Amino acid sequence: MAEDGRGGAAGLSRPLPLVPEALGEPARLALFWRARHLAPSPALPHLPLLFWLVDALRPARVLSLGLGDGVALRAVAQALERRDAPASCLVLLADGEPPRPEVEEAHPGLVTLRPGPIAEAAAALAPGSVGLLLVAAPLEGTVAEALSRALDGAMGEGGVVVIPGLSALAGSARGAAALAALRAAHPCVTLEGDGGLLLALAGASPPEPLRRLAALDPAGPALAELRGALARLGAAHVME
């Protein structure tokens, strides 16, 4: 497949009818972008949806709770770079996470890594300043507290929380409790398989593509079609 200079497809060899209409045009074309950074990660199968999410949401500021293996964060950063619009990505390092200067170096002027304490840093964010919140570290302890504090005021009107690799990041009792609270407070979409992914519409006015996605019947054929399409697209990253 031909690629442009930013790691995306210049010509698409896969038929777009595979992708459900619920994802909308033109943002669903982002599902076919190819990631520049691949490494073993529970986020790998979910990279197409992360690309689509950034393209549909167009956040000016991304907050990442933890860095984890860096795969999800760098996919989000790649999608932000493709937009050619002002944006920033702040990574609040979880307790015990080492600094990774190579991540900032790979995305100069876009990604900033900040050491903890993570919960206090999340509480200090400007109200309404976060368009996309990525959970990239296990959802327990101070990371779960940081999520709660960010949700209390930092999320923008169209703000969305995304947790790729649910089984790896939210498998503990504290993680399950944090997910239950998130689902109780906000409309959510959960994609099973490949470790799972959760999208939570945390803002008061999410963009139309996100509202359409959240409105799909959890047991209906449209969401089943979406899950199948995303699994096929995600498998391409896992097999690279």
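This short presentation covers the sheet of this structure and two helices that pack on it.

Good morning, colleagues. Please bear in mind that the model is a predicted one.

I shall begin with the sheet. It is open and made of seven strands, which follow one another as β3-β2-β1-β4-β5-β7-β6, with mixed pairing. The edge positions belong to β3, residues 111-114, and β6, residues 188-191; each has a single partner strand, so one side of each lacks a neighbour in the sheet. Between neighbouring strands the turn is 15 degrees on average, direction ignored. As general background, strands in a sheet pair through backbone hydrogen bonds, in either a parallel or an antiparallel manner.

One pair deserves a closer look. Strand β4, residues 130-135, and strand β5, residues 155-164, are joined by four bridges in the parallel sense. Within this pair, V130 has M155 of β5 opposite it.

I now turn to the helices. Helix α2, residues 71-83, packs on the sheet, where it touches β1, β2, β3, β4 and β5. The direction of α2 makes about 155 degrees with that of β4. Helix α1 lies across β4, β5, β6 and β7, and it runs at about 175 degrees to β5.

How many of the 11 residues of α1 are buried? The count is 11 of 11 for this helix, residues 47-57, so α1 is largely enclosed by the rest of the structure. Among these buried residues are F51 and W52, and D55 is also one of them. Just after α1 comes R58, whose phi is positive, at about 50 degrees.

Thank you for your attention.

Terms used. Residues numbered from 1 in each chain as written. Predicted model: local features only at pLDDT ≥ 70, side-chain atom pairs only at ≥ 80, totals over all residues. Heavy atoms only, no water. Buried < 20%, exposed > 50% of the residue type's maximum accessible area, 1.4 Å probe, protein only. Pairing = 2+ DSSP bridges. Axes fitted to C-alpha atoms, helices over the stretch in contact; angles between N-to-C directions. Contact = heavy atoms within 4.5 Å.
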